[in-house]
Amino acid sequence: MNRAIIGIGSNIPIAKQRVEECCADILKMVSEVQFSSIYETVAVGSLPQPNYHNCVGVITTSESFEELKLRLKEYERQAGRLPEHKADGKVIIDIDIVVWNNDVIKPTDLARSYMTIGMNELNIQV
């Protein structure tokens, strides 16, 4: 079995609801999952954006990294996320695999508050 630590975020007006729905849908996709609470964080980067609602999930799955990544990206597309939204700063839902089997995939994300808050809540150390 593989273990992934994921970050989930949204910054649209119904962001908290989107993150809640995403968590419920991920529960149906994988063998085991544990989620942090959903919390609000300030957007990072140079593009002005509204605050985000975020959470962290720890997933246990038999899928490979590529299989899980494709499944999560397909979920984003089905939820309405489009490439052109990036230029607008609109994030309907964003799901990133940050750690895979103790290998840090996205070190910058791992250090950001949108990940550290949830990881601290779940008592996750990498």
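Visitor: Which residues of H5 are buried?

Guide: In this predicted model, the buried residues of H5 are Tyr114, Met115, Gly118 and Met119. Because they span an arc of only 115° around the axis, they lie on the same side of H5.

Visitor: What covers the buried residues of H5?

Guide: The cover includes two helix and strand groups: strands S1, S3 (39–41), S4 and S5, together with helix H4 (107–111). Just after H5, asparagine 123 adopts a positive phi of about 60°.

Visitor: How should one read a pair of aromatic rings?

Guide: A pair of aromatic rings is described by the distance of the centres and the angle of the planes. In this structure, a search of the whole model finds 1 aromatic pair. Phenylalanine 65 and tryptophan 100 form that pair, with 5.6 Å from centre to centre and 75° between the planes. The arrangement is edge-to-face, because planes over 60 degrees apart count as such.

Visitor: Where in the chain do the two partners of the pair lie?

Guide: Phenylalanine 65 belongs to helix H2 (residues 65–78) and tryptophan 100 to strand S5 (residues 94–100), so the pair links distant parts of the chain, 35 residues apart.

Visitor: Is tryptophan 100 buried or exposed?

Guide: Tryptophan 100 counts as buried, because its relative accessibility is 10%, and the limit for buried is under 20%.

Visitor: How does one find empty space in a structure, and what volume does the largest pocket have here?

Guide: Rolling a probe the size of a water molecule over the atoms shows where empty space is left. Here, the largest pocket has a volume of about 830 Å³.

Visitor: Which residues lie nearest the centre of the largest pocket, and how many line it?

Guide: The lining consists of 36 residues, and those nearest the centre are Arg81, Lys86, Val91, Asp94 and Asp96. By character, the lining divides into 17 nonpolar, 7 polar and 12 charged residues.

Visitor: Which element gives the most to the lining of the largest pocket?

Guide: H2 gives the most, with 6 residues. Elements that each supply at least two residues of the lining include S1 (2–10), S4 (52–61), helix H3 (85–88) and H5 (113–121).

Visitor: Where does arginine 18 lie, and which residues are in contact with arginine 18?

Guide: Arginine 18 is part of helix H1 (residues 15–29). With neighbours within four places in sequence left aside, arginine 18 is in contact with Ser10, Ile12, Ala79, Ile92 and Ile93. The C-alpha atoms of arginine 18 and isoleucine 93 are separated by 6.9 Å, although these residues stand 75 apart along the chain. Arginine 18 is partly exposed, because its relative accessible area is 22%.

How values were computed:
Residues numbered from 1 in each chain as written. Predicted model: local features only at pLDDT ≥ 70, side-chain atom pairs only at ≥ 80, totals over all residues. Heavy atoms only, no water. Phe/Tyr/Trp six-rings, centres within 6.5 Å; stacked < 30°, edge-to-face > 60°. Helix = DSSP H or I, 4+ residues; strand = E, 2+ residues; numbered from the N terminus. Buried < 20%, exposed > 50% of the residue type's maximum accessible area, 1.4 Å probe, protein only. 1 Å grid on protein atoms, 1.4 Å probe; cavity = no way out; pocket = protein on both sides within 12 Å on 5 of 7 lines; lining within 4 Å. Points joined across faces, edges and corners; volume = space filled by probe spheres on them. Nonpolar A, V, L, I, M, F, W, Y, C, P; charged D, E, K, R; others polar. Arc of directions from axis to C-beta. Contact = heavy atoms within 4.5 Å.
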